[in-house]
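Me: I should like to learn how to read the interfaces and the symmetry of a structure with several chains. Could we take the features one at a time?

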Amino acid sequence: AQTNVTLYGIADAGIGMQDSDAPTDSAVTVFSGVQSTSRFGVRGSEDLGGGLKATFNIEAGVNWDTGAADGVFWQRRAVVGLASSWGEVRLGRDYTPGFLAGGVGDVMGYGLFGNWLTFTAQAGGYGITTRASNGLHYTGSFGGVTVRAMYAAGEDYTGNNVGDMYGLSGVYAAGPLSVAAYWQQTDFGPAGDGQQYGIGGQYNFGMFRVGLNYGAAEIDNQPDHTGWAIGAGMKVGSGEILAQYIQQDLDVAGGADPSAKSIGLAYVHPLSKRTNLYATYGQLKNEDGGAFGLRYSQSVVPAAGADADPKAFAVGIRHMF
Amino acid sequence: AQTNVTLYGIADAGIGMQDSDAPTDSAVTVFSGVQSTSRFGVRGSEDLGGGLKATFNIEAGVNWDTGAADGVFWQRRAVVGLASSWGEVRLGRDYTPGFLAGGVGDVMGYGLFGNWLTFTAQAGGYGITTRASNGLHYTGSFGGVTVRAMYAAGEDYTGNNVGDMYGLSGVYAAGPLSVAAYWQQTDFGPAGDGQQYGIGGQYNFGMFRVGLNYGAAEIDNQPDHTGWAIGAGMKVGSGEILAQYIQQDLDVAGGADPSAKSIGLAYVHPLSKRTNLYATYGQLKNEDGGAFGLRYSQSVVPAAGADADPKAFAVGIRHMF
Amino acid sequence: AQTNVTLYGIADAGIGMQDSDAPTDSAVTVFSGVQSTSRFGVRGSEDLGGGLKATFNIEAGVNWDTGAADGVFWQRRAVVGLASSWGEVRLGRDYTPGFLAGGVGDVMGYGLFGNWLTFTAQAGGYGITTRASNGLHYTGSFGGVTVRAMYAAGEDYTGNNVGDMYGLSGVYAAGPLSVAAYWQQTDFGPAGDGQQYGIGGQYNFGMFRVGLNYGAAEIDNQPDHTGWAIGAGMKVGSGEILAQYIQQDLDVAGGADPSAKSIGLAYVHPLSKRTNLYATYGQLKNEDGGAFGLRYSQSVVPAAGADADPKAFAVGIRHMF
């Protein structure tokens, strides 16, 4: 059959201030992807008959403030697969099961200052691995349950399986309730293994919704990284006010645990189903040597150093095409 | 509402000779973008109701002779914004107001050998900054007047505002007459400021048209760069013959002023509204230590050294899709 | 007239093992482009009237396992030209005439383990140059004969014509028979010239088809590289079993000739006209110091060293959109 091919993307840019808490580091900043990472992609599917479909997707990040592409051009997604009533099997680079499940409890949806990426995507922490290359990915939906499983080849030709990764997650969604759990493991070869696991959920009361998240990430012989979040949303007219508090630390054996507390605040104002304005503020407080950064969707407001407190503010527009 | 998404571009390639005036440097050359820089882009808009639209555009240069992309992939344009009867506000990377106004007096339209880029886009001069990242851009049209204003954040976190840029331009077009003026300023921090300003215009007599351009660019403690151009076009059948003379120099305090005189000649022959053939020749004469290059749209025929005289010839095709 | 613009590509990914014959180098591997290099492109044409068309095409390789783009983004193709009943003339980067003719005798169609790229695209051999930048390319079809000619400018400004390339090929196809021959030459300047030439063909008996290929590549003062192949295909239900044997060597004056023998096996199972599954195995045996690699479409399974015997297996899916 003919393949339908869709060119799609998200254009998200904002203007504000960012401050990594160095003596003179505050400046007007134009941000790309505060709410959702700016991107451009091609996806499609072909009906093969008998309920079977071929599917593909490539997706590239775009820095919508400077025009820069990501270092690996299509690093956001490069998959091809088959889908049917039993689910979808894909080969290539895709989100991990853990990352997709980790977003369920985030009222900010992995976007805006102070979202749950502030735990999952820390440069120095382990959080949740966002994507995996060279993977065999499975997603299946059965009633209200979505199951995801992944094996990604480390392609280590030294015989040590370095980089091999396994992941599993489940999401249950029914009416106002969504809950999710995940577990994934990476082989670091002689250095040991790493595990990531967590749970989260949201409950939607109509005018209000609340979200909870807990995550843990453990690499052999390194400090464990754990975090939790509580967030809430409140509808105001056609828009919504969002707030989230996150606490995380690294469990250093026999020493102080570098930790961070962060808050994120946002107001999202829809202009249509595809376009909205937003205003958002976030602040992160590092303690005991912590140097965690404050995340937005596309990037991070870094801490200038240990115990520095990054913060940022932006107003912007997100358009999904 | 649904977003309309358009994939568009320009495929421009030609074959000829280029000579930077080194002893053995002349060779058959296949050029990309002699008339218009070869490119590929995605743009679209969504009707938000009440006369309001969301708009976006990303655009990438393509070397249509080798397949190479630009170093910054979408460096030609990466904007998202809102448009209405009051104009359009965009965030991201875009042309500067000065660059767009500077093209009004160029009969060659910033393309073909010897066009006004020969002044604006000199590596060693200052000319007119073509684009700015991290910008807040405004364009409004009122009757025959188009006003453009820009603030671009230098995002200098050292407290010195290095790279902050401001620009303003106006274009008046009515019947056969178009005139334009611009002014823009860049903050270089402790090194001082830079200003760029100029005026230009064209008058269309029907069979003939003439264009004039003047530009000046001044950075504190550096030689001022000034240039002017006179150009003309004459219709021949369905095509047009174009010619332009440009003179420019750097005002070195207490010394000889490196300068250049250039001529550009071209014939443009339309095959349709979207496709044309062209033949073009340009020559630049450097004097008093000048090392200016001869520009076409996508790139430059460099001078081999001080006082060298680059020249080039090409025939080619431009297709706009 | 309006230009029709098509976004197209191939998504090909598989999973299997690859072994370059180093002591511990075998590992599960996710491959991109085993059958056909994964890619993404934009092409179109405009009807100019009188039987004349403007045509363009840019095409980019995509590593569908990791999301990586090629080093030169649109290196697969970047052409613009004119087409009519007399043929098509294109400027830019395109396949060489020799490469396109060299595929005629390859039953595996330059894809799957052990295809004819194993001769043409050896890193250390000379084979057949796949593409040329800065080219003037001609293709014309007259009855069953397709003629291709190319001149590509080396753009060598030192006066030595280094990199200038000429190519010519012809393909005759009538009913079950296809035959092809090519010759091309590259100027290496003071180091001399290089020639590539060969012949090949296929005959389709209905249930069976057989293919033969012979190629030679000679650079002045370097060992000649020659190879030949015999391949066959047999239909099995809706699918096809393919097999090919290739033998190649480098003719070293007064010494042993490094050589390789390779076999490729594959089964291709169509799910539709645009989508198929495949399973393929290939093995290459290097002798007398040979270090040839085993090719699939997008890349190579390298030999770990001299006389190493690379082999690989994969099952995968190819979707053409």
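Me: How many residues of chain C are in contact with chain A?

Reply: In this predicted model, 33 residues of chain C are in contact with 35 residues of chain A.

Me: How is the size of such an interface expressed, and what is the area buried between chain C and chain A?

Reply: An interface is often described by the accessible area that is lost when the parts come together. Between chain C and chain A, about 2,700 Å² is buried, and carbon and sulfur atoms give 71% of that area.

Me: Which elements of chain C supply the side that touches chain A?

Reply: β1 (3-19), β2 (27-32), β16 (275-287) and β19 (311-320) of chain C each supply at least two residues of that side. The largest share, seven residues, comes from β1(C). By class, the side of chain C that touches chain A has 18 nonpolar, 11 polar and four charged residues.

Me: How many salt bridges and how many polar contacts are found between chain C and chain A?

Reply: The rule finds zero salt bridges across the interface of chain C and chain A. For polar contact, the count is 12 residue pairs, with both residues at pLDDT 80 or more.

Me: How should I read the relation between two copies, and what turn lays chain C on chain B?

Reply: Two copies of a chain are related by a rotation about an axis and a shift along it. Here, a turn of 120° with a shift of 0.0 Å along the axis lays chain C on chain B, with an RMSD of 0.0 Å. The two copies are therefore related as by a three-fold rotation axis.

Me: Which C-alpha of chain C is nearest the axis?

Reply: That of Leu7(C) is nearest, 5.0 Å from the axis.

Definitions and conventions. Residues are numbered from 1 along each chain as its sequence is written. Chains are lettered from A and ligands numbered from 1 in the order in which they are written. This is a predicted model: local features need pLDDT of at least 70, side-chain atom pairs count only at pLDDT 80 or more; totals for chains, interfaces and linings use all residues. Side-chain values use heavy atoms; hydrogens and water are left out. Copies are superposed by least squares on the C-alpha atoms of residues with pLDDT of at least 70 in both. Contact means heavy atoms within 4.5 Å. Buried area is the accessible area (1.4 Å probe) that two parts lose on being put together, summed over both. A salt bridge is a side-chain nitrogen of Lys or Arg within 4 Å of a carboxyl oxygen of Asp or Glu. A polar contact is a pair of N or O atoms within 3.5 Å; within protein, one must be able to donate a hydrogen and the other to accept it, and residues adjacent in sequence count only if both atoms are side-chain atoms. Helices (H or I, at least four residues) and strands (E, at least two) are DSSP runs, numbered from the N terminus. Ala, Val, Leu, Ile, Met, Phe, Trp, Tyr, Cys and Pro count as nonpolar, Asp, Glu, Lys and Arg as charged, and the others, Gly among them, as polar.
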